[in-house]
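The exercises below ask you to read a structural model step by step, beginning with how far each part of it can be trusted. Try each task before turning to its solution.

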Amino acid sequence: MSAHDHHLDGHLPHEPEKATLEGRNKILGFWLFLGAETVLFGTLFAAFIALRHQTLDGPTADHLFELPMVFAATMILLVSSLASVFAVQALHQHKVKPMIVWLIVTILLGLGFLGLEIYEFNTYVSEGHKFRTSAFSSSFYTLVGFHGAHVAFGVLWIGLLIAQIFKKGLTVVTAPKIYVSAIYWHFIDVVWVFIFTVVYLMGKVG
Amino acid sequence: MASDHAVSSDPKRRHRHEGPQKHIVAFVLSLALTIIAFAAVAAGEINMTFTYIILVAMALLQVFVQLAFWMHLKDRGHLFATMGIVFGIIVVFTMVIMALYWVWW
């Protein structure tokens, strides 16, 4: 059975992202990729944890971080994760319009998060916390910036997927892409859980 | 994976759409765990070691909730996916412990 059979008769299977072998393999392959991503972020975390007290003459974590701003960023990302879960539910019910609306909500919240992060980094730099200030600052910007880059990539990716849905509609070919991008977005949120815990909250504790 | 295919090509068995309830529950749980973590730090005054334990516990719980519900890892046919991510987690813990050992001892 080719991937297009489902599409041409105008009826999608119940979980279109898992209807074809290709779709299921894509999901499995994506999880293996996330395993690798976990390792990648893990090394950055390991470096940060090892170096977080080496502030040299620069500002310390306790001095820099503002909890309300971090909390706002956390909420934005958590709600965006919920929005992408709703997008997947709409996908399962073959409701294309609500799905696109939830994906757009996800993207907008992602952009809001990025805006907040840019503002935050800007504030830190003006307080003398630059990339080369200390081992703490370098490992901080590498870890948090890397996460921010993942958010930016996710925004771009989901944006392109929305464009593709407009062009090709929801099929057994496009459904796995949407599903996998939602998994990616949740993964970004999971990484952020560790960032606000290890970097910000533990930074405040000392 | 093979059993998954057999199920999805059987039209009778798979027509129950899951509602949003369990995702809202997962959201509220995540929210509560986040607020506890922030509150523990904002309150200050608590013993430092104890605060660390709270923070790590809240983070691990929240990650578990999100992996299981939002990323559908608890759903059928996710054995190999789970193995992939668990392998990553094992490598990560090895690395973090190594880094801590290196720096602290």
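**Exercise 1. Find where in chain B the confidence is lowest and where it is highest.**

Solution. In chain B of this predicted model, the lowest confidence falls in α1(B), with a mean of 43, whereas the highest belongs to α2(B), with a mean of 91. Next, look at the start of the chain: over residues 1-13 of chain B the pLDDT stays under 50, and for this stretch the model has 14 contacts beyond four places in sequence. Taken over the whole of chain B, the mean pLDDT is 81, and 83% of the residues reach 70 or more. For the complex, the predictor gives an ipTM of 0.85 and a pTM of 0.88.

**Exercise 2. Describe the secondary structure and the domains of chain B.**

Solution. Begin by counting elements: chain B has four helices and zero strands, and the order along the sequence is α-α-α-α. Then consider burial, which applies to 23% of the 105 residues in chain B. Among contacts in chain B with a separation of 6 or more, 51% are between residues 24 or more positions apart. Finally, chain B is divided into domain 1, residues 20-74, and domain 2, residues 76-105, and the centres of these two domains, taken over C-alpha atoms, are separated by 20 Å.

**Exercise 3. Work out which elements of chain B touch chain A, and which of them gives the most residues.**

Solution. The contact involves 42 residues of chain B and 45 residues of chain A. On the chain B side, the elements that give two or more residues are α1 (2-8), α2 (21-43), α3 (48-70) and α4 (79-104). Of these, α4(B) gives the most, with 15 residues. Sorted by character, the residues on this side of chain B are 29 nonpolar, 11 polar and two charged.

Now examine α4(B) itself. This helix has 26 residues and reaches 37 Å from its first C-alpha to its last, close to the 38 Å expected at 1.5 Å a residue. Its buried residues include Ala81(B), Gly84(B), Ile85(B), Gly88(B) and Val92(B), and the buried residues of α4(B) pack against α2 (21-51) of chain A.

**Exercise 4. Decide whether Trp102(A) and Leu67(B) are each buried or partly exposed, and name what they touch.**

Solution. Take Trp102(A), which lies in helix α5 (residues 96-126) of chain A. Trp102(A) is buried because 23 other C-beta atoms lie within 10 Å, the cut-off for a buried residue being 20 or more. Leaving aside neighbours within four places in sequence, Trp102(A) is in contact with Ala83(A), Ser84(A), Phe86(A), Ala87(A) and Ala90(A). As for Ala87(A), its C-alpha is 5.1 Å from that of Trp102(A), although the two residues are 15 apart in sequence.

Then take Leu67(B), in helix α3 of chain B. With 19 other C-beta atoms within 10 Å, Leu67(B) is partly exposed. Not counting residues up to four places away in sequence, Leu67(B) touches Val190(A) and Leu73(B). The C-alpha atoms of Leu67(B) and Ile85(B), which are 18 residues apart along the chain, are separated by 10.0 Å.

**Exercise 5. Identify the residues with the most contacts inside the largest nonpolar core.**

Solution. The largest nonpolar core has 74 residues, and those with the most contacts inside it are Ala87(A) and Tyr179(A). Helix α7 (residues 174-205) of chain A supplies the largest share of this core, 20 residues. Tyr179(A), for its part, touches Glu17(A), Ile27(A), Val88(A) and Leu91(A), not counting residues up to four places away in sequence.

**Exercise 6. Compare the settings of Leu56(A) and His94(A), and then check the length of helix α6 of chain A.**

Solution. Leu56(A) has a positive phi, near 55°, in a residue other than glycine, and is found in the loop between α2 and α3 (61-64) of chain A. Leu56(A) is exposed, with 9 other C-beta atoms within 10 Å. His94(A) has a positive phi near 60° and lies in the loop between α4 (67-92) and α5 of chain A; with 15 C-beta neighbours inside 10 Å, His94(A) counts as partly exposed.

For the helix, the 34 residues of α6 (residues 135-168) of chain A should span 50 Å at 1.5 Å a residue, and the end C-alpha atoms are 49 Å apart, which agrees. α6(A) is followed by Gly169(A), whose phi is positive, near 75°.

Note on methods: Residues are numbered from 1 along each chain as its sequence is written. Chains are lettered from A and ligands numbered from 1 in the order in which they are written. This is a predicted model: local features need pLDDT of at least 70, side-chain atom pairs count only at pLDDT 80 or more; totals for chains, interfaces and linings use all residues. A residue is buried if 20 or more other C-beta atoms lie within 10 Å of its own, exposed if 12 or fewer, and partly exposed in between; C-beta atoms are placed from the backbone. Two residues are in contact if their C-beta atoms, placed from the backbone, lie within 7 Å. Ala, Val, Leu, Ile, Met, Phe, Trp, Tyr, Cys and Pro count as nonpolar, Asp, Glu, Lys and Arg as charged, and the others, Gly among them, as polar. Domain bounds come from an automatic or database domain assignment. The expected span of a helix is 1.5 Å times one less than its number of residues. A nonpolar core is a set of buried Ala, Val, Leu, Ile, Met, Phe, Trp, Tyr and Cys residues joined through C-beta atoms within 7 Å. pLDDT is the predictor's confidence in each residue, from 0 to 100.
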